[in-house]
Amino acid sequence: MNDKPKQALQVDLSGQSAIVTGASQGIGRAIALMLAGAGAKVACVARSVEKLTETAEMIRRAGGTAEALACDVTDSQSVQKVVDEVLAKWDKLQILVNNAGVTRDTLIPRMSDEDWDTVINTNLRGTFLFTRAVTRPMMQARYGRVINIASVSGLTGNPGQANYSASKAGVIAMTRTVAKELAGRKITINAVAPGFIETEMTQAMGPAILDEVKKRIPAKRLGQADEIAYGVLFLASEAAAYINGQVLVIDGGLCA
Ligand code: NDP
């Protein structure tokens, strides 16, 4: 055994390409910037072209490579088109981060069909569509890293979020299942479950509720988008090759 101290984790994704959904803001933007900072070419996906272009430009200004590809993750054909475009442009696709997500919070008696469908379609169907679309090229390459952004709500449930919690629990179950299906092809699929992170999604809860939330978090603060992106970077790295079908909870101790 060599007793030289081990180097701190440094991730080199140069030569790899990635798709990050929901990259127009918040956690997805932080993930896109982080993967690009490690050298990956990043295809940024969301519906709003303007904000997506901003993310891609931030990456390019920092010396990275990025494309902004507008796509609704619930639309099967657009999803396939994004994957085809990335493969045509960069030849290979090693990393997929399914991050796009929405909330439509309300208690179950008041939850409309539309509240239910929108959340399940975006969070769960969107994750399914992109995962299915990258499976073939990753299987052919015998390499792939899929990272799904779930939520602690999918593990513990959260009042007012029957639709959201069900979608994220579904994402976790799909992660575990697909991990078992694809492990033999050197493809790993893991989930990250954030607690409360400072983004537009949590800002929408309002300051009074957020103050109450902070009291419940052992760290006594909301998390930062970068703190989720670090977890994703680790799971995308070589160091995580033997981690598969797992849920990495990043929540300041909320679920401990
Ligand atoms: P934001 O609301 O800030 O961003 C959501 C992103 O998803 C946007 O880029 C949005 O872009 C994109 N998106 C939404 N619907 C679609 C769609 N149909 N097709 C394509 N893109 C879509 O959310 P956060 O950054 O806070 O959350 C990111 C992920 O992290 C989500 O999956 C969320 O559930 C999860 N999460 C967040 C937590 C938090 O505290 N913030 C906690 C736990 C989990 P556009 O509208 O332009 O399409």
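1. Which residues come nearest to the ligand? In this predicted model, the ligand has 29 residues around it, and of these S24, S48, N99, Y164 and T199 come nearest. By character, the shell around the ligand divides into 14 nonpolar, twelve polar and three charged residues.

2. Polar contacts to the ligand can be followed atom by atom. The side chain of S48 places an N or O atom 2.5 Å from an oxygen atom of the ligand, and a polar side-chain atom of T199 likewise lies 2.5 Å from a ligand oxygen atom. At V73 it is a backbone N or O atom that takes part, lying 2.9 Å from a nitrogen atom of the ligand.

3. As for cover, the ligand taken alone exposes 880 Å², of which the protein buries 93%. The elements that give two or more residues to the shell around the ligand are α1 (26–37), α6 (162–182) and α7 (200–203).

4. A separate point concerns two helices, α3 (residues 76–90) and α4 (residues 113–141), whose axes come within 9 Å and cross at roughly 35 degrees; the crossing in which α3 passes α4 is right-handed. On the α3 side the contact is made by S76, V79, Q80, V82, V83 and L87, while α4 brings R125, L129, F130, R132, A133, V134 and P137. Sorted by character, the residues of this contact comprise nine nonpolar, two polar and two charged.

Definitions and conventions. Residues numbered from 1 in each chain as written. Predicted model: local features only at pLDDT ≥ 70, side-chain atom pairs only at ≥ 80, totals over all residues. Heavy atoms only, no water. Axes fitted to C-alpha atoms, helices over the stretch in contact; angles between N-to-C directions. Helix = DSSP H or I, 4+ residues; strand = E, 2+ residues; numbered from the N terminus. Left-handed = near helix turned anticlockwise from the far one by under 90°. Contact = heavy atoms within 4.5 Å. Nonpolar A, V, L, I, M, F, W, Y, C, P; charged D, E, K, R; others polar. Near = heavy atom within 4 Å. Polar contact = N/O pair within 3.5 Å; in protein donor to acceptor, adjacent residues only side chain to side chain. Areas by Shrake-Rupley, 256 points an atom, 1.4 Å probe, with all protein chains shown as cover.
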